[in-house]
Every structure is written in structure tokens, then in C-alpha cells.
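Here are a few exercises to work through with the model open. Try each task before you read its solution.

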Amino acid sequence: MTHKLALIGFGTVGQGLAEILRDKGAALRNNLGFDAQIVAISDFIKGSLYHPGGLDIAKLLEVVQSTGKLDAYPDSPGLVRGWDSLTTIRQSNADTVVEVAYTDINTGQPAIDHCRAAFISGKNVVMSNKGPVALAYQELSALAKGNNVRWGFEGTVMSGTPALRMPLVSLAGNDIREVRGIFNGTTNYILTKMEEGMSYEAALKQAQELGYAEADPTADVEGFDALGKVVILANVIMNAPLTKKDVACQGISQLTLEDIARAKAAGKRWKLIARCSKEGDRVTASVAPEMVSLSDPLASIMGATNAITYECDLAGPITLVGAGAGRVETGFSILIDLINIHRGNI
Ligand code: HSE
């Protein structure tokens, strides 16, 4: 059965997913029996298209990448233009809404409203936007369950690296007492460059030029991006209803080249560590720079790479290392959620 998608937003992640479907569509159909079709796109700036019989993915990409808009997509009988996001979510014949629009990191909007509308309309949601999971996990997961639809958000923590699914699926049965990790590529890149002697300001500028940093890099350097991710881990992996205000958060903006040299002299290295621990039934979380010993698996994570260590009672400590951002990697995070919905796994 064809899995019909409505994309809310057609920026980097939406186009990354569309490219994967264009290039691997036949392999996904033949190897996994997964047949996806984009029936709608609604983007605040680029425009909106809906066709209940499906849109031509190669054409969508060609048009948006050459003109920056969807207006030049050719007319055909049944094609509807101009629907806003909520109309697309409510009235399209999509099975799943792929929510990849710009979201306010403080309010989680409009993505939270998009999720509510989709679940109430009986549609699944797959997303890489952190806001709805970090701010409204308990409400939205109950709403999805109550409407018998699925909610996938693998890409919210470490993009396509399976930081959420691996503990839930492959480590099930363990009591995971602690997770700690490096969840922000920008700050890890800055710390790596400072160790090479570059100033904080120059390293941040490079991270912005390379596209790692958020639109407002305060979210990276003050730890708020990592904070959102550790709140998601607490809720999803440890089943603890923590919110952002429960988590002490400190970034790396105060670290100087002298601090870096001091760590090096002590055989250590600064890392921005986000951690979530369980003592009895009490779960606490924090984000702060720490001097970690060079023998710690997290010490060897350099540049924009992310990593997470799960302390498992049965399997022991397990560390997962991988990308934390990227067009294809985050596009893949959406794909794996869609494949798991297709398989009935989430
Ligand atoms: N700005 C983030 C980072 C992107 O540097 O890791 C992924 O959330």
C-alpha cells in the first residue's frame, strides 16, 4: 500500500528526504516493500501544492532548486495550490505529516499545533523538530495514542544516528541508569578548534559558516540545544516527565584558551556534557562543560560529531557515535521513522 506524505516545510530536511525518495524509491519498494508518495507540500515561503494522486518528486526538486519556489511546478487536473499548513494537514489525503517547518525553539510553535491538528485528523506525524518533543511530549504522545496514530521523532536527538530507537529497541530489558553525551556539534567543533589554538570567536564563526550552528547560535553556545535533547531523552528513554526548567544548564561561552590549556596539562579535555541520571525513581538532568579524562569514550569525539553513552545494568556501558545534523542524515531520520511506521513498529 502506498504511504502518502504531506510535507510541512520544504527546506533543507524536506528536500533531503525528497532526494532520498527520488534516488532510492525503487530500492525501498523492492527491498522493503515501502512505497512512499508525496501528495502535498506546504511551505510558508516557497508555496503549496496538493495532488491526491501524488506529486512528481524529481520535478518538485528541480523547480524548488532552480527558482526557490514551488510556483513553476506544472499544472495538471486535480492539482491544488495555496493551501496553508493546517488546511494541508486537515484536508489532504496523506497518511503521515512530515513536520519540517521552521519552529520557534522557545514555544515549539507552529509545530505543536501542527502535531495536534494531525493527530486529531487521524494522521501520523514524523519530525526532526525538537520543540514539540521537548516541550509537549506527555500531551502529544497521549493525543497520538488516543487517536490511534503514530509519532516518530528519531531525528530530534543526533539526527539519523539512532540515539532514541537503539535504547528502546536493541537495549530493551536493561535498566538504563544514566545517559550522558555530546549532543551539540557546534560547541564540540568550537572546543576542538580552541584546543588547536583558535579563539572562541573565530571557531564560532567557522561553525556558522559550515552550517552547524542554529540561526541564533546562542542556542548552541549557551547549551539550550543540548538541553532540549536531554529533556527528550529523559522523557522518552527514562519515562520521566522532565521539562526544560527542571534542568540546570550552562554553556561554553565562558571557557577561555587558558581553561583549555589547564585541561590539557591535567590530561583531560573540555566537553559540553548533557547528562540524565536515575537514582531510585528520581531522574535528574544537567548540561554543563566538564573536563573529561582522555580515557572516557566521549573525550575522543572531535569536530561536529555527536556521541552518547548509555549505562546499562545488563549490557554495560554502550557508546553510540555519529552525525548530529546534516541534510542527508536528518532526511534519513525521517525515512527510518516512516519505515518503522510501515512495519508497524512505532
Ligand atoms: N545546531 C545543532 C548542532 C544542529 O550544532 O548540533 C543540530 O541540532
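**Exercise 1: Polar contacts of the ligand**

Task: find which ligand atom lies 3.4 Å from a polar side-chain atom of lysine 130, keeping in mind that this is a predicted model.

Solution. Start at lysine 130: the ligand atom at 3.4 Å from its polar side-chain atom is an oxygen. A pair of N or O atoms has to lie within 3.5 Å to count as a polar contact. Next, go to threonine 186, where a side-chain N or O atom sits 2.7 Å from a ligand oxygen. Then turn to tyrosine 212: here a polar backbone atom is 2.8 Å from a nitrogen of the ligand. Finally, look at the cover: on its own the ligand has 260 Å² of accessible area, and the protein covers 89% of that.

**Exercise 2: The shell**

Task: work out which elements give two or more residues to the shell around the ligand.

Solution. List the shell first; among its residues are Gly185, Thr186, Asp225 and Lys229. Now place them on the elements: helix H7 (185–195) and helix H10 (224–236) are the ones that give two or more. Then sort the shell by type, and you get three nonpolar, four polar and five charged residues.

**Exercise 3: The cysteines**

Task: how many disulfides does the structure hold?

Solution. The count is zero. Take cysteine 312 as a check: the nearest cysteine sulfur belongs to cysteine 276 and is 13 Å away, while a disulfide needs two sulfurs within 2.5 Å. Cysteine 312 counts as buried because its relative accessibility is 8%. Cysteine 115, at 0%, is buried too.

Technical notes:
Residues numbered from 1 in each chain as written. Predicted model: local features only at pLDDT ≥ 70, side-chain atom pairs only at ≥ 80, totals over all residues. Heavy atoms only, no water. Polar contact = N/O pair within 3.5 Å; in protein donor to acceptor, adjacent residues only side chain to side chain. Areas by Shrake-Rupley, 256 points an atom, 1.4 Å probe, with all protein chains shown as cover. Helix = DSSP H or I, 4+ residues; strand = E, 2+ residues; numbered from the N terminus. Nonpolar A, V, L, I, M, F, W, Y, C, P; charged D, E, K, R; others polar. Buried < 20%, exposed > 50% of the residue type's maximum accessible area, 1.4 Å probe, protein only.
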